[in-house]
Amino acid sequence: MMTKAKRKRLIYNLITFGLVIAAYLILQNMIDAKAISRSLKGLLVPICAWIVMAVSLNLVIGFSGELSLGHAGFMSIGAYTGAIVSGWFLSAFDMQDPTLRLILAILISGVVAGIFGALIGIPVLRLRGDYLAIVTLAFGEIIRNLVNVLYVGTTDGKLYFSFLNKNLPEGVTMLVDGAKGAVKIKPISTFTIGFALIILTLIIVLNLVNSRAGRAIQATRDNRIAAESMGVSVTKYKMMAFVTAATLAGMAGALYGLNSSTVVPTQFTFNQSINVLVFVVLGGLGNVLGSVISATFLTVLPEILREFADYRMLVYAVVLILVMIFTNNPLIRSMMNRLFGPVRTLLRGKQKKAPGGDAE
Amino acid sequence: MKKLIALALALVLALTVCTAFADEPITLKIAHIGPTTGAAALYGLATQHGAEIAVDEINAAGGKYRIELINEDDEHNVEKVINAYNAALDAGAQMILGSTTSKPCEAAGAKGYEDRVFFLTPSASSVNVIEDKDNVFQVCFTDPNQGSASAEYIAEHKLGTKIAVIFNNADVYSTGIRDTFVQKCPELGLEIVSEETFTDETTDFTVQVGKAQEAGAEIVFLPMYYTPASLILKTAAAKNYKPIFFGVDGMDGILDVEGFDKSLAEGVMLLTPFVATSEDEKVKSFVAAYQAKFNETPIQFAADAYDGIYILAAAAEKAGITAEMTAEEACDLLIAAILDLSYEGITGSMTWDESGAVTKTPMAATIVNGVYVFED
């Protein structure tokens, strides 16, 4: 049984990585050949960021079974940290290389968001019930209101922070200007780095999920008491998933923020968290490839629907409902099964004949 | 049958004669970017409608240019505006009228600065919109200019010296105006006696208005859009507090708020370049055309966009833009042209400098008997 499960996992991972790499190669070739429309090219980096957001949220919701409603909060921490770090490195250390600045900004943003994730997780993940949903919801709103009154400036290699009032020394270059958000960012995000971040995310998430810790995480989701009686520390493993997700969301935020010349707190509202939740639910809880596909699909969809002008979001909602219905329709599922039968059998490890084979 | 053929031939002849005489008009592709859906849709629709009126007029007049308007929705979102901007350029836009609101305009303008695309924004008034970019110009005042102009107006007309400020500290527009207003007041001998904040979610202004009343303010300065302003006026009326309320251009539209008692707005002053009830001939014809087409009274945003299309057409003519030019080729020509341009529109007579900010005279209107009346 072990080999079958391993093979199944290997094929699933290969398909996930293969699809992402193939998409990257095709798109990168199109960019090189200038055979790509401006609209699509402009969407590439946001798509990368949303994929990382969806996959990381899936780790919390799909695998550890906790509901997080403040994922956009971690993203905003990442976006702001990224903007500050990039602006500071440029002015203080005259770091001209955009790729190095971007990579450092992404890493530092990940660490900062991870620390916030740990701060929230430590008290909340000790509790049973839906506390994480409530606390992350509040956290998202608190972060948004805090950055609303945050002022950061840099001069002579020093960073100046101020809350509530713009009490910064004369002549500083503003990096974060209260309600105006992070300003004058030099957009340095590239599709290649975005792609690298997706691959990194997939490696981290898929490896974590398929590791001993990952099985413990899923065990706490499936049956807390049984997991505890087996000696699994529920808090520890839930923390592991939550902090990893927060870190990845912070990285995605840095990529996202450094793709634009400005970032505002209103971009990271509760609605944005729900948006990511929709990506995850549509793609399937605990389905990493599904998250990748649905994040891409739902980011591109509103742009494809641009011709519908005012009716765009109406059509968007209808498409969303149709996708939900179709992917859950038994008739269509059986049709898909017949179409992709061989692949599915491989993937599911002949579930029908041996239901035990999927007990992983 | 013969008659018909004769008629058809005559028609064909007439058409060929016509086209032979008139120069083929050059088609300009102008993209309007603004939020036509979402929370700020009111403003995006106003600028879109205002622009449409100007385009209709220019096309009907049959001058040198024919304008094709491309409309793209940015949802008042910093991410979506880039998509809208890219879609507009994919559709062949040569210049951009937009974006309607400040933050999206800042993001798209920065992208346009790299790509060399000319932006004229009707109503994005934040300084960040034009700062560090030579390609973005404004039809409206910048926020700091509105703040200092308001302080100067109050001091000049001796409306009072004790001032309370209520502003939205989560809003760029509101804080931008408040910052320079508060800065400017001391040097003009005006005293800020109370300063209170609110956010987008605030619906109860009892505390803010109460503080202003306790402090004995003679003037309450309201740098905000009209929806919270209407609530503040209601609260003040309930407290029987009657200072002079002084607003800025976002106050325009307060008389159209549904369920709002217009008598509460009596005596409210606001700094605005445009009032729909003006006796000016140009304004009258614009308002009439707007009402006929959209069945509503235009607000200042619509007037700004109407002027914006005419300014773009005038700058294009001066720069000699042709139908074949790409946005990139047109950009520097348009920048040179607009710096030389002086335009007399329905929101005042305007000139521009390198910063991208407009120079025009601030005007204040007072609400009297439910309509806006210009002060001298």
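**Exercise 1.** Into which domains is chain B divided?

*Solution.* We begin by noting that the model is a predicted one. In this model, chain B splits into domain 1, made of 26-141 + 281-359, and domain 2, which covers 144-272. As a next step we can locate the two parts relative to each other, and we find that the C-alpha centres of domain 1 of chain B and domain 2 of chain B are 29 Å apart. Finally, we turn to where they meet: nine residues of domain 1 of chain B make contact with 12 residues of domain 2 of chain B, and the side contributed by domain 1 of chain B consists of three nonpolar, five polar and one charged residues.

**Exercise 2.** Describe the overall build of chain B, and explain how its compactness is judged.

*Solution.* First, we list the elements, which in chain B are 11 helices and 15 strands. Second, we compare the radius of gyration of chain B, 23 Å, with the 21 Å that the globule rule gives for 376 residues; the two values are close, so chain B is as compact as a globular protein of that length. Third, we add that 53% of the 376 residues of chain B count as buried.

**Exercise 3.** Work out how chain B takes part in its contact with chain A.

*Solution.* We start with the numbers, since the contact involves 22 residues from chain B and 23 residues from chain A. On the side of chain B, helix H3 (78-90), helix H4 (102-115) and helix H6 (172-184) each provide at least two residues, and the largest share, eight residues, belongs to H3(B). Sorting this side of chain B by class, we obtain eight nonpolar, seven polar and seven charged residues.

Definitions and conventions: Residues numbered from 1 in each chain as written. Chains lettered and ligands numbered in written order. Predicted model: local features only at pLDDT ≥ 70, side-chain atom pairs only at ≥ 80, totals over all residues. Contact = placed C-beta atoms within 7 Å. Helix = DSSP H or I, 4+ residues; strand = E, 2+ residues; numbered from the N terminus. Nonpolar A, V, L, I, M, F, W, Y, C, P; charged D, E, K, R; others polar. Domains from an automatic or database assignment. Rg over C-alpha atoms; globule rule 2.2 N^0.38 Å. Buried ≥ 20, exposed ≤ 12 C-beta atoms within 10 Å, placed from the backbone.
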